[in-house]
Amino acid sequence: MAFKMPTSGRWWRLTAGVLLMHAGPALAAADTPAAGEARVFLFHASGFPGWGVADTDGRLVRAPLTPLRRVAPDRWLASDYDASAEIWLDDRGNEMARMQGADVEDEPLPQHPSGERDYRGALWPVVRNGDTSLVDANGAVAMPWQQGYGQWRLTIHPERIVWVPQRGPETILAWHGKPALQLGEDEMRVSGPFRERLLYWICDYARERPCQLRDEQGGVHLEGDWDDLRAMDDGRWLARGGNTWAVLDERGNPQGALRYLAGSYFPRLRSGASDRLEEDWPMAVRAFRFADLQAALAVVEAGGEAVEPVMTEGLLQRDGSFHPLPEGYGYPVRIVPGRWRVSRAQGQDDDGRIIDDRAAPVFALGHDNVQAVDGRPDVLVRYPQGGAAGRPGWSLVDRDGKVLFHHPAVTELRSRGPGFVGSLEGQRRIWVAADFRHWLLPPDSDIREVDAGGRLLLVATGETMRLFNTGTGGFVGAAFDHAEPPSEGWLVFNRAGYYGLMDADGNEALAPRYYQVKPWGADRWWSRGQLGEHEYLRLHGADGAVLFARRDGSLLDLPRERELDGVASPVASIVGKSYRTAQGSYFVQQWIDRQGQTVLMAAQCPGADPDSVLANGAGLLMGKGWPQPLYHGGECELPESVRAELDARPAEAVPSAVSAWSAGW
């Protein structure tokens, strides 16, 4: 597929998805700015079939001809359907690898929570010619190809991964790709590998043979009819038969008289190994024993009624120790790691308590309850038991019960952003910051939104709204009708139907006379509004100066273009109306940097019907400093009338640099 240039001797060619330039000055790697001078961005151009990559110096990394996605910092994956190939590229457009007939899944395997495996970073499942493997961000195959389709699953052991085919037995592999254990056709892996032991509890689907604890060399360490097996700290095992758990020694013999009930399972349920990557200790269990086991068995054998065992609720640790709950308490519920709530047995009206992992009391709750806070395991919300909202007495406490915030009249506390919003008499007018300082707003205030830092609060005050600055401790600026959530020190507000922009001190950087206002980071913002007879989209700098303007322009906010590697895009995508001419309709896009310069421009020309209002013909792509455009689907030229529309500026003074057409293009 060739993309011909109008200038003799220069033309672009797409060879199996790679864009090359011949016989003329190329946008080659040698012309690439030094590291840090230019940033790459992803873009989608009208008139072109895929996604492209360019940098802020206008250099084209990848033409927008195929699907494209980011797989790692400075790594891209292009799917060339015409060539039936997956292609890995770096930020300079260099091809790192190519795989014919392959299909790479959209999402990589999750990273191991232990952080101990640093193999090749993220890995993606890939299918090629009906076989499956894993591939890294450089396009290197990380695992031996497995026949057929299936799933790759991480295990709790950071050095083992499991291949689970759609049909047939599992294979456990080491991360360097060597098979470690192959199951038989009629076998299932019930548990293992374990966090610190490369052993596996393997059972027979038909239950015709005992289960085996097997190592990777095929050795059998113990056998039994247990339905599940968990590793303990000292070489012992916790085994489940039905709903009952028992501690086994290293040879598989039950130890002690205690047995434990935990969970509810179907009779003799045996399921495949869990996909959990973190162990869940301690376990909340009910320990039981018979005061005289032999006597109890004798009664049953004689036809008498079964003897009830002595039951004790508690927490079972991985080291095998059992810790009974405080006397008279039960119903343990984990609130946050290391903290459990227990309450009195049913029928007894008394207080609850918080205990630690060894069932030691930490603090009393009285008739209160507690709930966890997302992302803050060090903080608990304490509130009145039996109904929560509407009753005073809400507070914030730490894991040991120490009061971090309390107000006697607060009837509700909800996590919001970096802090908490508290209610008094149904009005959300207390803000509690992350460091537990708090602000009590005047009556009839209702906190609606909070910025990411907890500094600015958007507050409803009767029929209007105000901005509250916690730094100054009061309302700032004039009232307005409604607003968007505050962000990066700015507030986009609406007054009498028009938008404006307010800073953190209440100053109106833009008066409310625009149809749209949108901040772009902390020192740039966009406005769209009527100027004279026309509507304009404008980019403003930190001092309010206009850096760019386009008649009838608007921002195109595509989620995939917003950020790259977790950092906001260095350019903004601008579109406008279709321009009607005698030749037909034209549609033009621009990508503008933060200085208001056009880095990249795309246009789509008229199609076969010149009377159509849609521009659905050939595509044109041009970058800053390019010797010639790139075409798709035929040649495409912008008429002077369209260029004049793009060069049109409002009557007010605008720097000449905003024109992307009259010079350098």
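A disulfide is taken here as a pair of cysteine sulfur atoms within 2.5 Å. The structure is a predicted model, in which local features need pLDDT of at least 70 and side-chain atom pairs count only at pLDDT 80 or more, whereas totals for chains, interfaces and linings use all residues. Residues are numbered from 1 along each chain as its sequence is written, and side-chain values rest on heavy atoms, with hydrogens and water left out.

Under this criterion, two disulfides are counted, and, with the bonded cysteines counted along the chain, the pairing follows the pattern 1-2, 3-4. In one of these links C203 is joined to C211, with the sulfur atoms 2.0 Å apart. The torsion about the S-S bond of C203 and C211 is about 110 degrees, and the disulfide is therefore right-handed. Both C203 and C211 are buried, where buried denotes under 20% relative accessible area, exposed over 50%, and partly exposed the range in between, computed with a 1.4 Å probe on protein chains only.

A disulfide also connects C605 with C636, at an S to S distance of 1.6 Å; this link is right-handed, with 80 degrees about the S-S bond. The pair bridges distant parts of the chain, 31 residues apart, since C605 lies in the loop between β60 (598-604) and β61 (619-623), while C636 lies in the loop between β62 (630-632) and α3 (640-647). Helices (H or I, at least four residues) and strands (E, at least two) are DSSP runs numbered from the N terminus. C605 counts as buried because its relative accessibility is 6%, and C636 likewise counts as buried because its relative accessibility is 1%.
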